[in-house]
Amino acid sequence: MTTVDKPHYKVLGTRPIRHDGLDKVLGRAVYGADIKLAGLATGAVLRSPHAHARIKGIDASAALALPGVFAVVTGADMPIADDQLIDMTEEIVNARFASMRIIAHDKALFKGQPVAAVAAVDQNTAQEACRLIKVDYEPLPAVFTVEEAMAPGAPIIHEHLVGTHVGEKVPHTNVAEHTQHVLGDPDAAMDKADVTVEGEFRLARVHQGYIEPHNATAMWYRDGKATVWTSTQGSFPARNAISSVLRMPVSAIKVVPLEIGGGFGGKINIYLEPIAILLSKKAGRPVKVVMDRRSVFEATGPGPGGVVRMKLGADKAGNLVAGTVDIRFAAGAFPGSSISAASTCVFASYRFPSARIDAYDVLTNLTKTAAYRAPGSPQATFATESLMDELAHQLGMDPVALRLQNASKEGDRRPDGIVFPRIGNVEVLEAVRDSDHYRTPLDRAGAAPGHKRGRGVATGYWQGVGNRSTVTLAVNNDGTVALIEGNTDIGGTRASIAMQAAEVLGIPALDVHPTVVDTDSVGYTDLTAGSRTTYATGAAAVKAAEQVVAELKRRAAIMWEVEAADVDFAGGVFTNRKAADQHLSFKQVCARLDRTGGHVSTTGVVNLRGSGGGSFATHVVDVDVDTETGKVEVIRYTAAQDAGTAVHPSYVEGQMAGGAVQGIGWALNEEYYLGPDGSVQNASFLDYRMPTMLDAPTIETLIVEVPNTMHPFGVRGIGESGIVPPQPAIANAMRDALGIRFPELPIKPGRVLEALDAQGA
Amino acid sequence: MHPFRYLAAHSIDEAVAALAQSGPRARAMAGGTDLLVQLRAGRYELDAVVDVKHVPELTALTWDGGALTIGAAVPCYRVYEDERIAAAFPGIIDGASIIGGIQVQSRASLGGNLCNAAPSGDAICPLIVHGAIAHVAGPKGKRTMPVSQVPTGPGRNALGEGEFLVAIELPAPARGSGAAYQRFTPRNEMDIAVAGVASAVNLDGSGRIATASIALASVGPTPIVAAEAAASLAGKEPSAAAFAEAGQIAAREARPITDMRGTEVQRRKLVSVLTRRTLEQAVARAKGENA
Amino acid sequence: MSQAPVEKVRIRCTINGQPADFLSAPYVSMLEALRESAELTGTKEGCNDGNCGACTVNLNGRIVDSCLVLAAEADGATIETVEGMAPPEGLHPLQQAFLEEAALQCGICTPGFLVAAKALLEREPDADEHRIRHWLAGNLCRCTGYVQIVDAVQKAQGVLRQG
Amino acid sequence: MARVFLPVPLRALAGGASAVEAPGATLGALITALEERYPGMADALVDPADHGRVRLGMVAFVDSEQADLGLRTPLPPDAEVHFLPHIAGG
């Protein structure tokens, strides 16, 4: 670990067993699909077989006549919502589009879009009933790529949508938005550059690939209220969205977040929740709906693909002078494809005296994209880091040295205008430069006959977010503390939040008992996303714990018959300033709560303004390429990242390794392979080739700690940056191995063979 | 999924009767690892499945001299964990040990892989080059056919209504013979062959290739017997040049398409490479080398 | 669809050492029967087509994807799920090692990994890292990058070796 | 005086300038002052139907930190103010 100015912590930096771990290794943890309710019916969803079609009629009479069927819902049961922006924390969603997406109305806009749903006595009956629903479709021409969607005369997906193109309102377009950031005069600076590099980079859609399919179980009550049990990354944002599309007050909806089997951004949006509520309302009983794997691929929100064109200019000494980029993401059938975050991150790793960033949010007849781990940053950064590598080649510089020379640091201005606070970009690059991996020359001669080896480096950035969180602490008279929070725990955040409270209280991590509760049981809490949970909800826990300490000082004062101001607290021990030999442990004060004024409960509420600068990651990778088959093996991999303060190092390392392997899959094999009709041809875990244990290398991790000035313990959110560097790092290693630049993802074996052919020709 | 009945047969006669009684909308099920997936995906409907895993002939491994009969429902693990099979029929082991993961190998059988008739079926090409014979039972009695004739198209086989595969017979390997199967997949496990090649050779007393057999997976609607490539080796000294030439011929005999798993060009190249590599391995095995 | 409804079949088997006796539609998977009829929801559905291993159970001594087995086939069988892994007191060394090594993040794949890894260590106590990775390749994890899972299996291996 | 960095679409309202200066003790007062100098600015930044909040989908930053009190966010002397699109996270 590289650590900068780190205070001594008792709990932070240790590796306790996570609080929810026991239930999870015993198979007792209740995930979304595990919920049981009396009289529970099962739902199934009928989905559009067409990518674009007018729906002329739906006849569900045969389905309703099937024994065991309780209810059928269609778009008619969920009228299209009015234009209204829903605050989903980090994403702003138009309720009208959300309601159009969740179930088709007059038009189906992508293959796999829900058209109707059935509640029945069991899964098989519900599915069979779906097959009995007759839908009269009139297929329409469809567009699937950025180029098709932006071509003159392209079929328009939303006739009434008015695009915003750099402030101008443009009707009759598939470009929902074109944004622009300009810093300085990039064209003039580029003209004066000694060296320029440019390229066009193409990206396929990729899926988060969480193992647990989406699910929702709902109970509608006759008083107009509803409870939804679901796997979500944000129960409160989900409640907002359900409220908007079903026109129910938020207070009428209780979202109960169950354990969640992965998300990576894909379980922010709602899909099945409103459908389950409507089915329950009609069926008069609770209804559970679980998505099948094909539908998860076809009809949830993958990360966008698209095209990124970029040019970088530098002087002879290797100082960047200008960067321009044109980012076009295929959003799918509704606006919102992470172009704003892509714009923020694309040039954030370096000091650019001048830059221009154009970004286009382009509609296509595919399922709407969603956030996917550092949304937009990997796609845009693939271009930046590939070209930084080219620049290093042109200048004859070491790729880490070039990055260090240009690395952004405190006080530098990003092209979107924001000035960085204290960040760890330089320290992370230095950690890689000094790593055993980078200092050990690649054993090129060790490659088997017909194999070639190469090494690549890349840096990635995710800015993270802050926002709102609430944590309630209730002190027990045995000296333990119940911690109530609203963030679903996707990767150990019960532990990382509880540890921060424990640090303040001076008690062991396992003496804080965290529970994730529903939307009626804790104050508003934003998503488990945006690398915010350990950072922001942790800050709320710190705030609540500080209030506990203040109150317990008063209680100790009562016990000693002194003023509260006379009580000191440190390391879990209260001390009487008036009598230095008088000490009380946390437990001792808690044991007397009843006789010093009753039980103690506090609530910490935060609304953090930003993330404190975000987290940088740099990876170095060695690859071995079989030039006869095009197969790429990752033979060594090191990931370095700034964690601010690593709360639970094992889970920091886990995030780093997990992000790296997800990025390796993205780099080498993962893609939406579309048929000519817009169908996802590889919509299974067999053909959407995520890395297995035999494909993944051991990931060596280097935690760098440059404390975050916006968090009481210096914590940074670390969940996302780690998926940004792998793709360009591997592309750069391929360039090193073969002398070939791969500007398109994935770098799959067929593509490698073609490129080798072209090189030989 | 269309509701179906489950019938467990305990003898060949019971299985024949159960299939006959249920008509064309019934099928025999061994491991079920393909059947259940296809039924769930709605690829076809059945009114009954007949579980043949309790029929003794279908779950037996029977040696007769050097010849081996593998019951159609014997799961892959029983094949590849058998040291005698590994010694006599290494090419079969190569295929059996890469179908799915460990979980699937507990269930999936070579017979099921053959009847499923996927062009990518990893068991089929090794069976072909080992000269395997399919034993079939049905309402009209029993019959045999070369394994190479079982697949008739993607997902289609030569079995008639009410027929099912009983066993696969592997003739005793000749002295000086060796075989190997390799496939190319982007992932290292849990994947479908982009292309696969099985090769078998018989070496004569002087170490020359007397005969060879080559079969190609995933590069046509059915496994392809690369007869010309095999013929090009007859009488030759095993050599890199001869193997490379056979690979090029095999690549011409392939009839690949471009799909989500790979491109036509890529597949032809892979056939060429894998033919060479499997021939090298088969010859090494024929010479008794550990390859 | 006009045919008479398919009748349920009776299944008598042993699950986690306990006798079980229930009715199931014959076309229902063992996964669905375990979760719905036997109320053992520790076994998870990830793909329902045998490609993720989340539903791994031990059936008559071999690990299988329970989504690819019919419940009807379980008649007379011995089944072990994640719920049957821990001894009456404490945890199985694999469960303990998964906790200590942070080998789970979201935890949805964990039951499948545990059941599969247990079968490996019982058969091959000395399996090396490559063999561990090979044996567990049928189990997908999207969170951890697998490093800590391998660490946990190796740690449990050490504990088991010492008896 | 605060220094206001204008997003590209608003620069036309200020004669093409990428940054302008305006007085104001709070974000609200600053926007009023901008509107006086560059008509149309308030409408672009504030949603009149939503209690005069900064438009959803846009975030104001004061000295590189998100303005959490909306239009009442106090501005230090010589503050730097940015208006940026909302960011989505995974």
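Modeller: Quick term first: a polar contact here is a pair of N or O atoms within 3.5 Å, where, within protein, one must be able to donate a hydrogen and the other to accept it. Also keep in mind that this is a predicted model.

Colleague: Fine. So how many residue pairs are in polar contact between chain B and chain A?

Modeller: There are 20 such pairs between chain B and chain A, counting pairs with both residues at pLDDT 80 or more. On the chain B side, helix α11 (residues 264-286) gives the largest share of the residues touching chain A, namely 6. By class, that side of chain B splits into 10 nonpolar, 6 polar and 9 charged residues.

Colleague: And what's the count of salt bridges between chain B and chain A?

Modeller: The count is 7. One of the pairs to look up is Asp626(A) with Arg277(B), whose side chains meet in a salt bridge at 3.0 Å, N to O.

Colleague: OK, how many residues are in contact there, chain B against chain A?

Modeller: 25 residues of chain B touch 26 residues of chain A. Together the two chains bury about 2400 Å², and carbon and sulfur atoms give 47% of that area.

Colleague: Which residues of chain B lose the most area to chain A?

Modeller: Arg187(B), Asn188(B) and Met260(B). Together they make up 30% of what the chain B side buries.

Colleague: Switching over. What about chain A and chain C, how much do they bury between them?

Modeller: About 4200 Å², with 62% of it on carbon and sulfur atoms. Val25(A), Ile211(A) and Met693(A) supply 20% of the area chain A buries against chain C, more than any other three residues.

Colleague: How many residues are in contact in that one?

Modeller: 56 from chain A and 51 from chain C.

Colleague: And how many salt bridges across chain A and chain C?

Modeller: The rule finds 4. If you want one to click on, Glu36(C) forms a salt bridge with Lys36(A), with the closest N and O atoms 3.6 Å apart. The interface of chain A and chain C also has 21 residue pairs in polar contact, again with both residues at pLDDT 80 or more.

Colleague: Which elements of chain A give two or more residues to the side touching chain C?

Modeller: Those are α1 (21-26), α4 (123-131) and α18 (649-668) of chain A. The largest share comes from α18(A), with 9 residues.

Colleague: Last one: how does that side of chain A divide by class?

Modeller: The side of chain A that touches chain C has 28 nonpolar, 19 polar and 9 charged residues.

Key
Residues are numbered from 1 along each chain as its sequence is written. Chains are lettered from A and ligands numbered from 1 in the order in which they are written. This is a predicted model: local features need pLDDT of at least 70, side-chain atom pairs count only at pLDDT 80 or more; totals for chains, interfaces and linings use all residues. Side-chain values use heavy atoms; hydrogens and water are left out. Contact means heavy atoms within 4.5 Å. Buried area is the accessible area (1.4 Å probe) that two parts lose on being put together, summed over both. A polar contact is a pair of N or O atoms within 3.5 Å; within protein, one must be able to donate a hydrogen and the other to accept it, and residues adjacent in sequence count only if both atoms are side-chain atoms. Helices (H or I, at least four residues) and strands (E, at least two) are DSSP runs, numbered from the N terminus. Ala, Val, Leu, Ile, Met, Phe, Trp, Tyr, Cys and Pro count as nonpolar, Asp, Glu, Lys and Arg as charged, and the others, Gly among them, as polar.
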